Amino acid sequence: MTAAQSKLYSDDVSLIVVLLDTNPFFWAASTSGNLPFSNFLNQVIPFLNSLLLLNQHNQVVLIATGVNSCDYIYDSAEAGGRNSIDAANVAAISSTILNRLENFVTKDARLAKGSDKAAAGGNGISSLLSGSLSIALCYIQRVFRSGARHPEPRVPIDSCIVGPQHSAFLQQASYITGGVYLKPQHLDGLFQYLAAVFASDLQSRSFLRLPKPVGVDFRASCFCHKKTIDMGYVCSVCLSIFCKHQKMCSTCGSDLNQSPPDSTRVSRS
Amino acid sequence: MAVINMAVKYKTTVKEHGIPGVLKMMEDRFAFVPNDPRSAMKLKVDFRTIKGHKFSKDGSKQALLNLTQDAEKGVGYIFEFDNFSDRNVCRDFVGKVLGKFQSVTPSKPNEQSVPEKPAALSHVEQLSTVEMERRMKLLREDSELQKLHKQFVISGVLTESEFWATRKSLLDDDENKASKQQAGFKSAMLADVRPSTDGRTNKVTFSLTPEIIHQIFAEKPAVHRAFLNFVPTKMTEKDFWTKYCRAEYLHRTKNSVAAAAEAAEDEELAVFLKHDDILANEARCKIRRVDPTLDMEADVGDDYIHLPDHGIFRDGSKETMDADYEIARRTLSQDLNRHAAVVLEGRALDVELGDTRTVAEALARSKQESSSDLPDENVNMERLAKVSRMTEIDDLQAPRSLPYAPLCIKDPREYFDSQHANALKALGDSGGMKSINCNMSTEEVYLYLRRQISEVKTRGLEIPVIQPEAALKVLDGLNQHLSSTRYHLGKNPQESVLDRLPHRTRDELMHHWMSIQELLQHFWSSYPITTAYLYNKVLRLKDAMSQIYQKLQEIKESVQSDFRHQVSLFVQPMLQALDAAFAHYDAEQQKKSAKSGSKQNGILETGIGKISRSLANS
């Protein structure tokens, strides 16, 4: 569903960590004119290659986000830091990625058999996005510790949403970290989106105009009806929000005995 | 500006009875018409001839207002009012008018660096110079405040007193900064009370100042007691101090034999040489009051005295104590400690250090008052209880299991999933909560995925990667998206509207916001309107608010078209606040006119009643 990336460094050079969502339930179900997985790969792999072309010191890391596990798929620094990309290299990179991806999917399938989660089936299965984000951030930290003299890494999270729904979490994550959030309309031109928007390095972003969503809704919503509210009641123990006065907090079970002026007295147990 | 009509008595001197009449004040002149049409004391005076005005304090016998023409001679028009509030209304009005006239005249050159204040300031309120200084200082330091002051007070919308009434905390702050700390005792006593020796004549001179005497009394309670007892009954003060100094000299020279001899001879001198028994008693009490449960472990690291090669080891076993005529051996450290203790206690006296006797008595009195009246019994009981508590051995206690309630927290996933739904609604997704319908089993989906991957492997990457038409479509869409200003443009998503406006506009908007706050504060505090003064104030405020309203509209229109929407959103709350104020004002006006209509009827009725009664009586 998503391909999120993180970028580093303050000049032209970038370290890009791409998180590829390989949730099979999503991909298998996304038919009816949407992007099949093979087309998706056909757009993403050239994008990764083009990233390596932009600057010879660029580094690309691909991490796959599965349902039961996450793993590194490709790391351009592994290969020994080849300086030039030519046709042979491109083919080699593609085949590496595809092979590793296939292995990963097989492993994920094996793990799925062992767990009970699969029995639930259907629309409850979510990808382990937090796991892959953790892997990515740890990798970035490790690179920084071992090498560069850059003081504080800036890690903006860009989100490219492929799928029918917006992702509230990624929207907020991109906004807070200063990244780009985009849900492309024309999926057959996905590569153009990726190349025009997501391939820009951090230094260029200071003078480029990138698409931004209309606004991010940070308002809280009440726990009882799930509607966004501006004013409400807050449990003093667990800080959960309610739109109407409640006798007992539904989250932590604490007794909210304070009676409001217009209600009758609650009998204490 | 309004016209004021007031029933007053006009007089030329304060002692006169005064001619009753009506005082009418307008913007540029005032007129007085006596009630008695035959009287010739009609007045019509231009405010320009009035140089200043004086008034009696609130609460004095007469509510007077004196409009002076010549400041030196004090000649002017004196009006007596029925009550102080009426007088204050007129006074403020006059103050404003005079302020207007006098601010028109060119200001003196040395006032240019100082924020401008109306010259009538010194007349309107009887301020102390300290107060004025504070206000000027505040105005100088805070440019925002100065701008507000200039805008409202100089133009006459608010008076000085109103402006500063809400800022009392700012004014008081300065006052409290000057802390009133007491000066403690100097340590000079320990070092400076050294006699000056005259080598030739064998004379030793001590000089004791009242300060030193005060200190001596504080630090040596035995000397203090001796003073109270001996002077002036047994000896004069001079003799007392002579003996004291003799004792000090003997002590200093550490001539113990001579000291013992003299002490044996002179009883009073012996007092100065003995141990201070008052101090000894106090020390004993303190030792008894020490908390035995105090954890001394914290001090272990600080104890350097018992380290080898540190300090002077004192073996007290060899010292013998005789009962009487015992010459006290005071060490410097004892003196220092005592001095420090007294300094920490602080100065208990506020008495002038002139007469020694009074100082001694006052000190004795204060000591009596401060001596602890706490019943020792209670203190002891508390201490015993605490000791017994602390000496409990934890291991031997029974396990104390307190009742606890297990924590039960709902699954947080439920909340986050609902957040997801909300965010989708907020983003205006027309699809809504489309759940992914997957009818295939787990194996099937994974199989599908793997097949897709192998398909790519066999087919290889497509060439071209993307069709030109698709790319063009995408680029067009992106460009359109970027050029529409509906979305947050700019590199930083946290940037606000204000930052992208020209500086001048932004500053103006902020200043208007502050002015509106100030005006609304005064406006809402004036309701309910009970006096004419408040009524006038509200009128003035309303005029100022309408002006700002106009200005805001102008700003909205002058801004560039792409910013207009955002600026109007920004300005919206300001306009709403002003609208609310105007609406309230209109509503109050309506209520008032409805009431006054019925009132007039009432007056007519009572008037008719009176006439009919008088007719009946006649």
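The exercises below work through two chains of a predicted model, from chain totals down to single residues.

In this predicted model, local features need pLDDT of at least 70 and side-chain atom pairs count only at pLDDT 80 or more, while totals for chains, interfaces and linings use all residues. Residues are numbered from 1 along each chain as its sequence is written, chains are lettered from A and ligands numbered from 1 in the order in which they are written, and side-chain values use heavy atoms, with hydrogens and water left out.

**Exercise 1.** Describe chain A and chain B by secondary structure, burial and contact range.

Solution. Start with the elements, which are DSSP runs numbered from the N terminus: helices (H or I, at least four residues) and strands (E, at least two). Chain A has eight helices and eight strands; chain B has 23 helices and nine strands. Next take burial, where buried means under 20% relative accessible area, exposed over 50%, and partly exposed in between (1.4 Å probe, protein chains only). Of the 269 residues in chain A, 51% are buried. Of the 618 residues in chain B, 32% are buried. Last, count contacts (heavy atoms within 4.5 Å). Among contacts with a separation of 6 or more, residues 24 or more positions apart account for 55% in chain A and 59% in chain B.

**Exercise 2.** Find how helix H8 and helix H14 of chain B are oriented, and which residues make their contact.

Solution. Fit the axes as lines to C-alpha atoms, for helices over the stretch in contact, and take angles from 0 to 180 degrees between N-to-C directions. H8 (residues 210–219) and H14 (residues 332–345) of chain B then pack at about 100°, with axes 10 Å apart. Classify the angle: under 35 degrees is roughly parallel, over 145 roughly antiparallel, 65 to 115 roughly perpendicular, and the rest oblique. H8(B) and H14(B) are therefore roughly perpendicular. H8(B) contributes B:Gln215, B:Ala218 and B:Glu219, and H14(B) contributes B:Arg338, B:His339 and B:Val342. For the classes, Ala, Val, Leu, Ile, Met, Phe, Trp, Tyr, Cys and Pro count as nonpolar, Asp, Glu, Lys and Arg as charged, and the others, Gly among them, as polar. The contact of H8(B) with H14(B) divides into two nonpolar, two polar and two charged residues.

**Exercise 3.** Repeat the analysis for helix H9 and helix H13 of chain B.

Solution. H9 (residues 221–230) and H13 (residues 277–288) of chain B pack at about 135°, with axes 6 Å apart. The pair H9(B) and H13(B) is therefore oblique. B:Pro221, B:Ala222 and B:Arg225 of H9(B) meet B:Asp277, B:Ile278 and B:Leu279 of H13(B). By class, this contact of H9(B) with H13(B) has four nonpolar, no polar and two charged residues.

**Exercise 4.** Is A:Ser174 buried or exposed, and what surrounds this residue?

Solution. A:Ser174 lies in helix H6 (residues 168–177) of chain A. A:Ser174 is buried because its relative accessible area is 1%. Leaving aside neighbours within four places in sequence, A:Ser174 contacts A:Ile157, A:Asp158, A:Ser159, A:Gly179, A:Val180 and A:Tyr181.

**Exercise 5.** Place B:Arg383 in the same way.

Solution. B:Arg383 is in helix H16 (residues 376–390) of chain B. With 24% relative accessibility, B:Arg383 counts as partly exposed. Beyond neighbours within four places in sequence, B:Arg383 contacts B:Arg288, B:Arg289, B:Val290 and B:Pro292. B:Pro292 is 91 residues away along the chain, with 8.5 Å between the C-alpha atoms.
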